Amino acid sequence: MTAYTVPGMKADSAERLTALLQDRLNSLNDLALTLKHVHWNVTGPNFIAVHTMLDPQVEAARAMADETAERIAALGGSPVGTPGALVAQREWDDYSIGRADAIAHLGALDVVYSGIIEAHRAAIDTTEELDLVTQDMLIGQSSQLEQFHWFVRAHLESADGTLSTGGASTEATAARRARAGKKK
């Protein structure tokens with residue numbers, strides 16, 4: 001229950017926004033941890049390129065999580081950033097790839113980023129009527145997330161624009177397709 005919120009916003013709107021933002025916070029915290037996991041577990045000839053590409057993405061995801069948590073607090077909510085809450089509240093599974101080559105991880109990250117971006121875009125649509133300030137924050141975050149996704153996909157794209165991970169809905173499938181696509 002929200003005791004107060006920003007001036008001009010109704011408490012029920014703030015509560016809806018807080019719930020929506022908590023989901024985005026969980027997603028961004030999970031992304032930061034997943035990217036760091038990949039950073040530590042990437043192998044192969046493209047190791048250093050992927051390893052160093054991921055650190056700025058980790059830092060950006062952490063900054064987005066911080067911004068989202070602070071928005072929840074500004075709306076009168078209480079952001080929850082504990083690992084247990086993240087696991088209990090999320091609707092997705094843990095990242096499924098351990099130590100693997102760069103292309104496999106990039107294929108899996110294609111699916112990860114797709115899911116996060118789709119959920120962010122849905123949140124943007126939801127905030128259209130609720131709160132344009134929150135919507136603006138989500139739009140800015142989506143812009144960064146989409147750029148990072150492009151960085152990942154650039155490694156998976158053929159000269160004709162075909163993605164080796166096309167149609168994959170799971171990390172494992174995307175990783176397999178990415179590996180197979182690079183062997184051609």
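**Ring cluster and pockets**

Modeller: Ring pairs link F148, W150 and F151 into a cluster. The model is predicted: local features need pLDDT of at least 70, side-chain atom pairs count only at pLDDT 80 or more, and totals for chains, interfaces and linings use all residues. Numbering runs from 1 along each chain as its sequence is written, and side-chain values use heavy atoms, without hydrogens and water.

Colleague: What makes F148 and F151 an aromatic pair?

Modeller: Their centres lie 6.2 Å apart, and rings of Phe, Tyr and Trp (its six-membered ring) pair within 6.5 Å. The angle between the planes is 55°. Under 30 degrees would be stacked and over 60 edge-to-face, so this pair is tilted.

Colleague: How are F148 and F151 placed in helix 5?

Modeller: They are three residues apart, about one helical turn. Helices are DSSP runs (H or I, at least four residues), numbered from the N terminus. Helix 5 covers residues 132-154.

Colleague: Is F148 buried or exposed?

Modeller: Buried, because its relative accessible area is 7% and the limit is under 20% (exposed is over 50%, partly exposed in between; 1.4 Å probe, protein chains only). F151, at 28%, is therefore partly exposed.

Colleague: Why is the pair of W150 and F151 called tilted?

Modeller: Its planes meet at 45°, with the centres 5.5 Å apart. W150 is exposed, at 54%. The whole structure holds two aromatic pairs.

Colleague: What lines the largest pocket?

Modeller: This pocket has a volume of about 440 Å³. It has 19 lining residues, with W92, D93, V112, G115 and E171 closest to its centre. A pocket is an open set of points on a 1 Å grid over the protein atoms alone, with room for a 1.4 Å probe and protein on both sides within 12 Å along at least five of seven lines; lining residues have an atom within 4 Å of a point. Helix 1 (11-41) and helix 4 (102-130) each supply at least two of them.

Colleague: Which residues lie nearest the centre of the second largest pocket?

Modeller: N29, D30, L33, L86 and R90, out of 14 that line it. The volume is about 220 Å³. Helix 1 gives the largest share of the lining, six residues. Helix 3 (83-89) supplies at least two.

Colleague: How do you know how far to trust the chain?

Modeller: pLDDT is the predictor's confidence in each residue, from 0 to 100. The chain averages 94, and 98% of the residues score at least 70. Among the elements, helix 5 has the highest mean, 98, and helix 6 (residues 171-183) the lowest, 89.

How values were computed. Grid points are joined across faces, edges and corners, and a volume is the space filled by probe spheres set on the points.
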